[in-house]
2 protein chains.
Amino acid sequence: MTENYTLHEDPRSGNCYKIKLTAALLGLPLETKQYNILKGETRTPDFMANVNPSGRIPVLQIDDKFLPESNAACWYLAEKSALIPDDRFARAEMLRWMFFEQYSHEPNVATLRFWMQFVGEANLSDQQRLQIMAKRTAGAEALSLMDSHLAAHKWMTGDAVSLADIVLYPYTHVADAGGFQLADYRHICSWIERVEALPDFIAMD
Amino acid sequence: MTENYTLHEDPRSGNCYKIKLTAALLGLPLETKQYNILKGETRTPDFMANVNPSGRIPVLQIDDKFLPESNAACWYLAEKSALIPDDRFARAEMLRWMFFEQYSHEPNVATLRFWMQFVGEANLSDQQRLQIMAKRTAGAEALSLMDSHLAAHKWMTGDAVSLADIVLYPYTHVADAGGFQLADYRHICSWIERVEALPDFIAMD
């Protein structure tokens, strides 16, 4: 029995794009339903009652079931595919980088891009403005850790592309929009080229 | 061939305790090696060269391999056990709550406990002090989401205890130390009792 997948998304979100990229690499059909988060379209009573009570996207809908959290959605789609390593340690290491992405990378690298490119520096609250320096430092640390790792490894885990690469690529490749200098991380730059050369790769909107 | 597990930890950290709780519930022997993060013992050149280049704990050592990120370590230990659901959707939903824990719960609920109980409010930087309100609001949102979910479910995923419960329990049950009022979340309070009644449960130090 084939399942039907619908992604509830804002196309500007790298967290949503991850899921579309995973589906594309796996050749899985994925419908999309679009919301503008800046207009509060995921905070309506209807969305919170029927899609996600936390008012966040992305949510992967699998027939009549709803799965929030981008990296969990990528995992669901990729189970039993080559995007999840067979080796037990490599699989746990893949999850290690996926948790790193949500804890150490996204809140810094993605948030600064969102603030600078979509909210606009002039519109930030004082509290947000005061966090810019700390996020720039923490984001640069995350990028440096990736760069050192990629100096010795072709892919983030094991010897083939995995979900660790797929979930780290979206916000990394547009890090400059948040004020980072990707050119300073040459191993990341080479890895970005490898990701973009994958068969069936699709670009972010 | 039996593997040897060593946890590089600070015993005050709930992220470290998660891994010890997982090992205890599974009956797996786990050595520990202790560091004081407040004294910078995980930022030494030796630690960063040999254990974790990011200078963070916990790290699960599996023979001569090192695995950072608490939730990845729990996954490694629990693979093929009853702590990971057999059902594909339940397994992805378990990961959904594990990513929620690291993205929406830990940076608020755990960080406020760390600041209030270990750093001390008087010693916080101005920048930290300015984040208290936002973290209190976001932490309360995370606890409310858990509470609503637990109003309708005995465990966070599926019909049995899983890693989703194990990784959410540590910082939730001590949330009061960060200024939250656990008594306001009665479904969480009942769930805490269920977790603590599990066979082979061990308490946090």
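Modeller: Domain bounds here come from an automatic or database domain assignment. The model itself is predicted. On that basis, chain A is divided into domain 1 (5-78) and domain 2 (88-196), and the C-alpha centres of these two domains lie 21 Å apart.

Biologist: What makes domain 1 of chain A and domain 2 of chain A count as being in contact?

Modeller: Contact asks for heavy atoms within 4.5 Å. By that test, 17 residues of domain 1 of chain A meet 17 residues of domain 2 of chain A. Putting the two domains together buries about 1,300 Å², with carbon and sulfur atoms giving 71% of it. On the domain 1 side, Lys18(A), Asn71(A) and Trp75(A) lose the most area, together 34% of what that side buries.

Biologist: Why are Lys18(A) and Glu101(A) called a salt bridge?

Modeller: The cut-off is 4 Å between a side-chain nitrogen of Lys or Arg and a carboxyl oxygen of Asp or Glu. Lys18(A) and Glu101(A) come in at 2.9 Å, N to O, so the pair passes. The rule finds one salt bridge across this domain interface. As for elements, α1 (14-26) and α3 (70-78) of chain A each give two or more residues to the domain 1 side, and α1(A) gives the most, with seven residues.

Biologist: Now for the two chains. What makes Glu79(A) and Arg91(B) a salt bridge?

Modeller: Same cut-off of 4 Å. The closest N and O atoms of Glu79(A) and Arg91(B) are 2.6 Å apart, so the name fits. Between chain B and chain A the rule finds four salt bridges. The side of chain B that touches chain A draws at least two residues from each of β4 (65-68), α3 (70-78), α4 (88-119) and α5 (126-152) of chain B. Its largest share, 15 residues, is from α4(B), and by type the residues split into 21 nonpolar, seven polar and eleven charged.

Biologist: How much area do chain B and chain A bury between them?

Modeller: About 3,600 Å², 63% of it on carbon and sulfur atoms. Each chain brings 39 residues to the contact.

Biologist: And why speak of a two-fold axis?

Modeller: A turn of 180 degrees and a shift of 0.0 Å along the axis lay chain B on chain A with an RMSD of 0.0 Å. That is the relation of a two-fold axis, which is why the name applies. The same surface serves both copies, as 100% of the contact residues of chain B recur in chain A.

Biologist: Which residue of chain B comes closest to the rotation axis?

Modeller: Tyr103(B), with its C-alpha at 2.9 Å.

Notes
Residues are numbered from 1 along each chain as its sequence is written. Chains are lettered from A and ligands numbered from 1 in the order in which they are written. This is a predicted model: local features need pLDDT of at least 70, side-chain atom pairs count only at pLDDT 80 or more; totals for chains, interfaces and linings use all residues. Side-chain values use heavy atoms; hydrogens and water are left out. Buried area is the accessible area (1.4 Å probe) that two parts lose on being put together, summed over both. Helices (H or I, at least four residues) and strands (E, at least two) are DSSP runs, numbered from the N terminus. Ala, Val, Leu, Ile, Met, Phe, Trp, Tyr, Cys and Pro count as nonpolar, Asp, Glu, Lys and Arg as charged, and the others, Gly among them, as polar. Copies are superposed by least squares on the C-alpha atoms of residues with pLDDT of at least 70 in both.
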